[in-house]
Amino acid sequence: MENATMIGPANMTDKSIICYTPTMTTTNGIWQGDNPLDFTLPLFIVQLTLVVTATRFFVFILKPFHQPRVIAEIMGGLLLGPSVFGKNQRFANNVFPLKSAMVIETMANIGLIYFLFLVGLEMDIAIVTRTGKKAVTIAIAGMILPFIVGVGSSFFLDVKDRDKNINESSYVVYLGIVLSVTAFPVLARMLAELKLINTELGKLALSTSLINDVCAWLLLALAIALSEQTSNTFASVWVVISNLVFVTFCFLVVRPAVSWLIKRTPEGKPFSEFQICIVLTGVMISAFITDVLGTHSVFGAFVYGLVIPNGPLGATIIEKLEDFVSGLLLPLFYAISGLKTDINLITKGGSWTFVFLVIPLSCFGKIVGTLIISLLFQIPTRDGIVLGLLMNTKGLIEMIVLNIGREQKVLDDEVFSIMVIVTLIMTAFISPVVTLIYKPRKRLIPYKKRTVQSSRLDAELRVLVCIHSPRNVPTIINLLEATHPSKRSPVCAYVLHLVELTGRASAMLIVHANRLSGGPALNKTQAQTDHIITAFQNFEEHVGYVSVQPLTAISPYSSMHEDICTLAEEKRVSIIIIPFHKQQTVDGEMQDTNPAFRMVNHNLLQSSPCSLGILVDRGLNGSNRLIANQASHQVAVLFFGGPDDREALSYGWRMSRNPRVHLTVMHFIPGYEKTEAELDDQRTTITNDGWENELDEEYIHEFKMIAATDESIVYIENVVSNGEETVAAIRSMNNVNDLFIVGRGQGTTSPLTDGLTDWSECPELGAIGDLLASSDFETTASVLVMHQYVAQGPDGEDIFVSERPWQTSENYHGMKQHMGRYTTVPRGNKYTFKA
């Protein structure tokens, strides 16, 4: 058997005779003296393993540089191909022999067919039609100049092995497509990595690249039609006509047929294996038809996916196929492109000159075309330049075009290798350059109301609530309702659904498009988003003076806190509320949900631009949510002193304005059997900062006077000497309250919590928060752990909030006039009020 040729540019399949042994599929075993690499199946397994290993290696290496995965996959192929390892003839002949080309390329193309089917399946036609004139105009303008560069490049690259029967114009079109189009899936992933996907620029870039992709498919169909042999003058015309008939048939016949199939399945019932099998078989039939008609099999698969209606059928297929196709088979296609690339063929100085000349020309053409139209639409110049840079992102469609051009013998091995290198370099430099020149303003116009304590009762309270899953929704809705939105102080809630960034780029568009199509959810993430949005919209409709703005953040968990902080500052919120990383099980135990949630919370505590509340969710009258006005909440605030406790007391007092909320405040005061002077001193010494002690004293003094005139507030002073007595006092309140609000205790030291942190499971909650959140405490009450934002002065000193939220209440001045009439009288270790 002749197997001395590596799969790659040196592959001369049209001049080599390859002998195959039909029975040599599986080996009889090494004990029989067989070499596994002489058999088809073991050889393919080895090849696939090497491709996946090389790809994951480059993914790991390039991850710190925010490079898209397509770069790693192509470089994995380059590593295994004739450019590096393939130079070794022994490696080439044994691992990637010419006889294996048919199997590995067939599998790569099957993966490509099903991936393009999934892309069409996830793409919503309604979104394409609603992208608007701006995106369409920018997309077309950004393609014109790079296409002209591609046309000009065709005169400088001599194709030696081009079939003489091939139409000359098809070569021009192929190069124009590669240099002018944008890879939407790659761009979507890159925007998410760069934290731009939720910005206006990110939205416009996604819409523009989507239109660009549609234009690329039309140009590809034209290029394939033109590359038909010139012996038949009307061949190209028949290719175009027949494919238009196929597309029309899919929309007029196949789409209604699939809709009928979906309607036959009762709502909520799973689709049968037979129904799924019919749809997946249709993918191969569509691919076969378009291949026979003269375009390419991937075109038929894409159109077939596009005509299947959005809904549960699409969601089922995506869940079954996407991980296998995207994770295993698609990298095989990229790697095959790398295996076919031989950098050694680019030996002439003129070829490298072309590479480094066409890249800046093409990028500059894309930027200029995009910038001109952007300025016409009054988009800032910097944004227009960055948008033009982003439009230079290459990936899947370019690799498809190059491979088809090579198969059609429109492109020879040298031109193929040159254009692969051009594509690789253009895509690789986009992310670093955009990061360097485009830094969204981290600090917007400074705002003062970064805490609940400083928020006025005659102004809007802005809250950013973060949601991991629909399970978090009922308690957060009840918490917002209990916060007492009113005409004087309405509540604006920004509801942020936190979604982990995965490799499913096309799903980002659907989530980000805010479900404009109104159809059923395509996947689990989208279904959860719909559920969350619906719940908060109902809340907004049934409760007065509340406005809700749903948003979605798609990021890796390691940097998700950056998105939250940016949004909080942009929306000028006073507090962020985020769920605790543990949830209560049926038997009352607190169980971890996702360790990454804890990392997000920890990062937020370090970098939040406003106050932060971590919500330990055990339910907050969730079963009675807004059914009747008589639903009430028993809220307890535990006050030890310090900025976090003042924030907790401020939030609790705001909730007490709600007629259906009853507030109990327990003030813990250290007490010892020492001299009266020491006792008086220790009653106020909770932190080491004298200024903070004064703030605590003034704050709690005013609150005691307010509590004396307010029947909805019960104020208790509890003198305790150590952590054991503190725990006993808290347990005495147990099973009475629906919600505990406590401070995290940043920067405070108190003898009242001595020993409580020795066995702390979650120190980020503070000593008291960790106690209340533990399974051992055995409570059914939820816990809100408050962390107050403390600003830094010019010399790095802490600037504590001195305002009191009740200063803007309607009856505050009246209360001040009566404050002197009330004194506190001790009763054991508790204090009550006496006029």
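These entries record what I looked up in a predicted model, from overall make-up to single residues.

**Entry 1. Overall make-up**

I began with the secondary structure of the protein, which comes to 28 helices and 16 strands. I then looked up burial: of the 835 residues, 56% count as buried. For contacts between residues at least 6 apart in sequence, I noted that 81% join residues at least 24 apart.

**Entry 2. Helices α4 and α13**

I turned to helix α4, residues 101–122, and helix α13, residues 312–339. Their axes lie 7 Å apart, and the helices pack at an angle of about 140°. An angle counts as roughly antiparallel over 145 degrees, so I entered α4 and α13 as oblique to each other. The crossing in which α4 passes α13 is left-handed.

I listed the residues that meet here. The α4 side includes I104, M107, A108, G111, L112, F115 and L118. The α13 side includes G314, I317, I318, L321, V325, L329 and F333. Glutamates also take part, among them E105 and E122 in α4 and E322 in α13.

**Entry 3. L118 within α4**

I chose L118, which is found in helix α4, for a separate check. Is L118 buried or exposed? Its relative accessible area is 2%, and L118 is therefore buried, the limit being under 20%. Leaving aside neighbours within four places in sequence, I found L118 in contact with I317, I318, L321, E322 and V325. These five residues also appear on the α13 side of the helix pair. I further noted Y304, which is 186 residues from L118 in sequence, with 9.6 Å between the two C-alpha atoms.

**Entry 4. Helices α21 and α22**

My second helix pair was α21, residues 560–571, with α22, residues 595–607. I recorded axes 9 Å apart and a packing angle of about 45°. That angle makes α21 oblique to α22. The crossing of α21 and α22 is right-handed. From α21 the contact is made by M560, H561, I564 and C565, and from α22 by V600, N603, L604 and S607.

**Entry 5. S607 within α22**

I followed S607, which lies in helix α22. With a relative accessibility of 34%, S607 counts as partly exposed. Which residues does S607 touch, not counting those up to four places away in sequence? I found H561 and C565. I also looked up I564, which is 43 residues from S607 along the chain; their C-alpha atoms are separated by 9.9 Å.

**Entry 6. Aromatic rings**

A pair of aromatic rings is described by the distance of the centres and the angle of the planes. I counted 9 aromatic pairs in the model. In the pair of F57 and F58, the ring centres are 5.3 Å apart and the planes stand at 70°, so the pair is edge-to-face. I checked the accessibility of both: F57 counts as partly exposed at 43%, whereas F58 is buried at 12%.

F91 and F96 form a tilted pair, with 6.1 Å from centre to centre and 55° between the planes. Both F91 and F96 are buried. I noted that F85, F91 and F96 form one aromatic cluster.

**Entry 7. A charge over a ring**

Last, I looked up the ring of F416 and found the charged end of R406 sitting over it, 5.6 Å from the ring centre.

Notes:
Residues numbered from 1 in each chain as written. Predicted model: local features only at pLDDT ≥ 70, side-chain atom pairs only at ≥ 80, totals over all residues. Heavy atoms only, no water. Phe/Tyr/Trp six-rings, centres within 6.5 Å; stacked < 30°, edge-to-face > 60°. Buried < 20%, exposed > 50% of the residue type's maximum accessible area, 1.4 Å probe, protein only. Lys NZ or Arg CZ within 6 Å of the ring centre and 35° of its normal. Axes fitted to C-alpha atoms, helices over the stretch in contact; angles between N-to-C directions. Helix = DSSP H or I, 4+ residues; strand = E, 2+ residues; numbered from the N terminus. Parallel < 35°, antiparallel > 145°, perpendicular 65-115°, else oblique. Left-handed = near helix turned anticlockwise from the far one by under 90°. Contact = heavy atoms within 4.5 Å.
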